[in-house]
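Grab a pencil and work through these exercises with the viewer open. Try each task on your own before you read the solution.

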Amino acid sequence: MRYILIVILSGMFSAGAYAAADSSGVKKPSLTLAAIYGSNASYYGQTTAERLPYILTNASLRMPGGFYLSGSAYRLLNMGGSGISAMDASAGFNWDLGADLTAGIGYTRSFYPENSPLLQAGNNNTASASIGYDWQIFETDLDGDYSFGAEQDVFVSLSNSKWINLGGIGRDEGYFTLEPSVEVVGGTRHYLEEYTIRKSRREQMQDWIRNPLFPPGQDKTETVTSSRTSFDLMSWNISLPIGYNRGNYLLEAGYQVSVPGKKISPDSRGMHSFFNLSFYYQF
């Protein structure tokens, strides 16, 4: 799983899904709407010291040739106010390269308010490429992302997953699915430096709001722990989403455990757990 949406992040009918087919088997455009609750924002398995639960809404249009468009809006639940905390727009292509081989490319442009608490807010452009192979026993996916903006970072993730149909209950037309996965993520960490700078500015502004007679100081700094040259292990992630599928909709509950690599920000050390509750409807 990548970042928030990302983290739209498993099992959904979204932009990465194949276009629907009519009764004659001919593919046609499909539109998927999604609403997701997440217990904490995740960026390649990393989190901030402050927990950031969120609500995400997404709309994705997939064309028969593999082209897709997607847009998302995020609302951080503990930030106060009633505005949108972040937005993004994506476009890309997915292809069938064979019976069991798939590939894709995409670009995402994100929009964040000034001094956003999200780790990824400094890099608001992401170019991505992926390739996946279904071994029948399990599926392997290799994803690469180039994130750029205030800084430049590269991320590579390798995951193995297994889609399992658990069947239905009684005469219920719906059925349950399970898709456990294990993922390892490596990447650079320039984004942590940009995050620390924004965090320091945000804290100074909060101090000024609490004490308006004393303007924010100019000498408040924080030690930046990220290396400007290294490519390191970011995290190990284990996820277990279980979904209920019926007709054109999917209701999914997911649990993820992330173990950050040793060379990581002090704010992100230790094992993290995430819970997501998602609803998808495909037209």
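The exercises below go from the whole chain down to single residues in this predicted model.

**Exercise 1. Get an overview of the chain: which secondary structure elements does it have, and what share of its residues is buried?**

Solution. Start with the elements: there are one helix and 14 strands. Next, look at burial, using under 20% relative accessible area as the cut-off. Of the 283 residues in the chain, 45% are buried. Finish with the surface: about 14,500 Å² is exposed, and carbon and sulfur atoms supply 62% of that.

**Exercise 2. Find the nonpolar surface patch and work out which element gives the largest share of it.**

Solution. Step one is to list the members. Leu31, Leu33, Leu61, Met63, Leu69, Leu251, Tyr255, Phe275, Leu277, Phe279, Tyr281 and Phe283 make a patch of about 1,000 Å². Step two is to sort them by element: β1 (30-38), β13 (249-260) and β14 (272-282) are the ones that give two or more residues. Step three picks out the main contributor, and β14 takes that spot with four residues.

Now check one member in detail. Tyr255 sits in strand β13. Its relative accessibility is 43%, so Tyr255 counts as partly exposed.

**Exercise 3. Take β14 apart: which residues are on its covered face, which are on its uncovered face, and how does the strand pair with β1 and β13?**

Solution. Begin with the faces. On the covered side of β14 you'll find His272, Phe274, Asn276, Ser278, Tyr280 and Gln282. The uncovered side carries Ser273, Phe275, Leu277, Phe279 and Tyr281. Go back to the patch list and you'll spot Phe275, Leu277, Phe279 and Tyr281 there too.

Then do the pairing. With β1, the strand β14 runs antiparallel over seven bridges; Gly38 has Asn276 of β14 as its bridge partner. With β13, the pairing is again antiparallel, over 10 bridges. Here Leu251 is matched with Phe279 in β14.

**Exercise 4. Hunt for aromatic pairs: how many does the whole structure hold, and why is the pair of Phe93 and Trp95 called stacked?**

Solution. The count first: a search of the whole structure turns up 11 aromatic pairs. Now take the pair in question. The ring centres of Phe93 and Trp95 are 5.9 Å apart and their planes meet at 10°. Planes under 30 degrees apart count as stacked, so this pair qualifies.

How covered are the two residues? Phe93 is partly exposed at 34% relative accessibility, and Trp95 is partly exposed at 34% as well.

One more aromatic group deserves a click: Phe176, Tyr244, Tyr249 and Phe279 form one cluster. Phe279 is also a member of the nonpolar patch.

**Exercise 5. Follow the chain through β6, β7 and β8: how do these strands pair, and where does Gln136 fit in?**

Solution. Start with β6 (125-134) and β7 (139-148), whose loop holds Gln136. The two strands are antiparallel, with 10 bridges between them, and Asp134 stands opposite Glu139 of β7. They form a hairpin with four residues between the strands, and in that hairpin Gln136 has a positive phi near 80°.

Then move on to β8 (residues 152-161), which is joined to β7 by 10 bridges, also antiparallel. Leu142 has Leu158 of β8 as its bridge partner. This second hairpin has three residues between β7 and β8.

**Exercise 6. Look at Tyr44, Ser181 and Ala103: are they buried or exposed, and what else stands out about each?**

Solution. Tyr44 lies in the loop between β1 and β2 (54-62). With a relative accessible area of 2%, Tyr44 is buried. Its phi is positive, about 55°, even though Tyr44 is not a glycine.

Ser181 belongs to strand β11 (residues 181-187). At 18% relative accessible area, Ser181 counts as buried. Its side chain makes a polar contact with the side chain of Ser239, at 2.5 Å.

Ala103 is in strand β5 (residues 101-111), and it is buried with a relative accessible area of 14%. Its C-alpha atom is 7.6 Å from that of Ala129, which is 26 residues away along the chain.

Key. Residues numbered from 1 in each chain as written. Predicted model: local features only at pLDDT ≥ 70, side-chain atom pairs only at ≥ 80, totals over all residues. Heavy atoms only, no water. Patch = residues over 30% accessible without salt bridge, like charges linked within 9 Å, V, L, I, M, F, W, Y side chains within 5 Å. Areas by Shrake-Rupley, 256 points an atom, 1.4 Å probe, with all protein chains shown as cover. Salt bridge = Lys/Arg side-chain N within 4 Å of Asp/Glu carboxyl O. Buried < 20%, exposed > 50% of the residue type's maximum accessible area, 1.4 Å probe, protein only. Phe/Tyr/Trp six-rings, centres within 6.5 Å; stacked < 30°, edge-to-face > 60°. Pairing = 2+ DSSP bridges. Polar contact = N/O pair within 3.5 Å; in protein donor to acceptor, adjacent residues only side chain to side chain.
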